[in-house]
Amino acid sequence: MWDYSEKVREHFFNPRNSGVLEEANGIGDVGSISCGDALRLMLRVDPGSERIVDARFQTFGCGSAIASSSALTEIVKGMTLEEALKVSNQDIADYLDGLPPEKMHCSVMGREALHAAVANYRGEEWQDDHEEGALVCKCFAVDSALIEETVRANGLSTVEQVTNYTKAGGSCATCHEAIEEILTRVAAERCTAPVVEDRPVPAAKPAPTARLTNFQRMRRIEEVVESIRPMLQRDHGDIEIVEVDGRNIYVKLHGACHGCMMEHATLSGIQSKLAEALGEMVRVLPVAAMGH
Amino acid sequence: MDAPIYLDNNATTRCDPAVVTAMLPFFSEQFGNPSSMHSFGNKVGQAIKEARARVQDLLGAAHDSEIVFTSCGTESDSTAILSALKAQPERNQVITTVVEHPAVLSLCDQLEKEGYAVHRLKVDKRGRLDLDEYKSLLSPRVAVVSVMWANNETGTLFPVEAMAEMASAAGVMFHTDAVQAVGKVPIDLKNSKIDMLSVSGHKLHAPKGIGVLYLRRGLRFRPLLRGGHQERGRRAGTENTASIVGLGKAAELAMAHMAHENTEVRRLRDKLETGILAQVSRAFATGDTGNRLPNTSNIAFEFVEGEAILLLLNRQGIAASSGSACTSGSLEPSHVMRAMGIPYTAAHGTIRFSLSRDNSEAEIDRVIAAVPPVIAQLRKLSPYWGDDGPVEEPTKAFAPSYA
C-alpha cells in the first residue's frame, strides 16, 4: 500500500471540482492511457482580467492522480493565467503534503494539463517535451529516461558520475545495478568498437624471414597499440601496455573501455592486429590475468 | 466498519490456526538442531520427517526424499533452472512463457544477458499456449522448460502434465512453478513426467519463508547453496524447523480441503463473478475462464484505474489486488494482461479477487453489493465515460496530447 498523506487520501475520497465544466473556454488533455493516467482540465477564464473563475477536471488514474487533479483545480481557481503558469508540480505535491516518489509524475501531469489548458485558451498549440521511463532511483525519483539522456549527453561512464549529474543512486545505493545497466547499454551503442573487423587471419602467411630482435618486437607492439588508441579515445576509452611476457601481452583498459561489454571483442581485435604485424601468434590479455 | 474481507489469497494466505499450534513447540521447547546427536535434535528430526511425508502426499510424489525444503518459491524456481543449466553445460537454451511470475521471468532476463537463449511462449487472448509452437522449440540444445502450473493473476491452468510428457520425449528437463496450484488442484507427480516443481508455503495457509522444491529421483542436480549436508546436500543451511512443521500441517489440511476447494470455494467464486458482471457494464473476466483455479476471478473494468478501485474497496474493508501500472510503481500494466492483448483501457482496471476456504457466503454477498457503486463513482470522474456509458469512440474523443 502506498504511503499517502492524509491530504492525498482526503482529496481522493472527496475530490473537489470533478466533472464536466460546460462553459469552459480552455481545455487541456494530457496523459496517456497506456501509462494508466489521463487528465482533462477544464478552465473558465474571464477574458477581461485573464483570471481563472472556475476549474474542473476529469481523471482516469490512480488515487494520487485524482488527488493531484483535485488539488490543481483548488490551487488555480482565482489566479490569473500568468500566476497559474508559475505553479510547479512541486507546488501541487506540497499542497497535498507530499507524494511518494513513484507518484510524483501525477503532479507533473497536473502541471502539464494546466499549460495545455492555457495554451488552448490562447489558441496555441501545446507541445509536451518530456518523456517518462521506469523509475530507477526511488530516493530522488529519477527515471530511466532522464538517466539515459544525461549519460548520452554528457558521455558519462560511471555510477558516481550519474549520481553527480542526476542525484540518482546517491542515497540508499540499491539502484546501482540498474544504473550500471543503463551505462552499459549506452556504452554499447556509442562504442564504434574500432577493431572488431572480423577479418579472417590469413592462415598460411609465411612468417617474416628476418626474425625481429627483442627491441624491434617491443617497438612494433607499441606502434600497433599507439595506432589503435585514437579510436578508443574517441569512445572515451584508452589502452595501456603493462607487460610483454613471451607470447602474452598484458594490457590495461581505461575509461569507457573498462568493464565495457565489448571488452572481449576489443581485445581480440587488437590481438589479430598484433599477430599480423609481428608475424607470430600472440595473446592479448587484460592485466587482471597476470600471474594466472 | 464491518469486519474486513480478505480476497487476496493468491498474494498470501492467513496462516491456519492449526498450523500455528503445530509450530509453536518448535520455538522454545523443541528448539534443537535436527543434525545434533542428542535427544534435543532427535525429536525435531522426527517432526521434519513427518512434515516431509505430508508434503509428499499432497504432491503425490513417489519418494519422500524427492522433497527438498527451501526458503520460498522464488528460491525453488532459481534452484531448479540454474541447476538444469549447470548440470548440462552442453545445453544453453531455456523455454518458458511470457506470463510467468517474475521469479522465473527476471531470472531468464538475467540468463539472457549472460549469453543463454531464452524462448518465451506467447499466449492467446484467453491466456492459452500454442503447443505446436512449444513442440517446435524442444531440442537437444534446451536445458530446461519452466512453465507455471497456474497463473497467479488469472488462475489460468497450463497443461503442464502434457507438456512434461512432450519434454520427456525430447529428452528435456521439465520444471513447473506450481505455487498457485498446490493445495488448490490435485497433483500426482509419481504418474507424471514432471522433473522439478516449486511450492510456496504461504500460498496454502503455511507461514511465509518456507518453500519446497520437488526433485524427481535420479534427476541430475546441482545445488544453489552448498555448505552443509542438510536436505541430503541439496540445500545447505540449518532447517527452518518450525516452518517446515507448519508446512507439513498445512499440506495435511490442504489434502483434507481439496474437495471443498473445488466445490464450495469454486461456487463462491462463480457467484462473485456472475454477481458483479450482472451489475457492471463494460466489464469482463480475463483468462481461460473454463479452465482455471477454483478460487481466482480476474475482472477487467473498462475506463477506470485499478489502484483507485482498490483504495475505495479498502475503505469498505475489502482487500483485493490489481494489474494496473500504478499498484506496482511501473508505467506498464501487468505483463500478463498485455500478453493476452487486453486493451490498455481495460488492463489498467483489472481487479483480481482470490478466495480461500476462509471466505463465507455473507462476505461474497457484501462484495457483490460493494463493487458496482465503486466502479460507477470512478467512471463519473473518468474522461472516457459519458453519462451512462463510454463516450463515443472513447480513445478518439479523449486523445491526450502525449501517448
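Colleague: How many helices and strands does the secondary structure of chain B come to?
Modeller: This is a predicted model, in which local features need pLDDT of at least 70 and side-chain atom pairs count only at pLDDT 80 or more, while totals for chains, interfaces and linings use all residues. Residues are numbered from 1 along each chain as its sequence is written, and chains are lettered from A and ligands numbered from 1 in the order in which they are written. Helices (H or I, at least four residues) and strands (E, at least two) are DSSP runs numbered from the N terminus. For chain B the result is 14 helices and 13 strands.

Colleague: What is the radius of gyration of chain B?
Modeller: The radius is taken over C-alpha atoms, and the globule rule is 2.2 Å times the number of residues to the power 0.38. For 403 residues that rule gives 22 Å, and chain B is close to it, so the chain is as compact as a globular protein of that length. The radius of gyration of chain B is 22 Å.

Colleague: Which strands stand at the edges of the open sheet S9-S10-S13-S12 of chain B?
Modeller: Pairing requires at least two DSSP bridges between two strands, and the pairing in this sheet of four strands is antiparallel. Two strands have a single partner strand each, so one side of each is left without a neighbour in the sheet. They are S9 (283–285) and S12 (321–322) of chain B.

Colleague: Which residue of S10(B) does B:Phe284 stand opposite?
Modeller: Three bridges join S9(B) to S10 (residues 296–301) of chain B, and the two run antiparallel. Opposite B:Phe284 in S10(B) stands B:Ala300.
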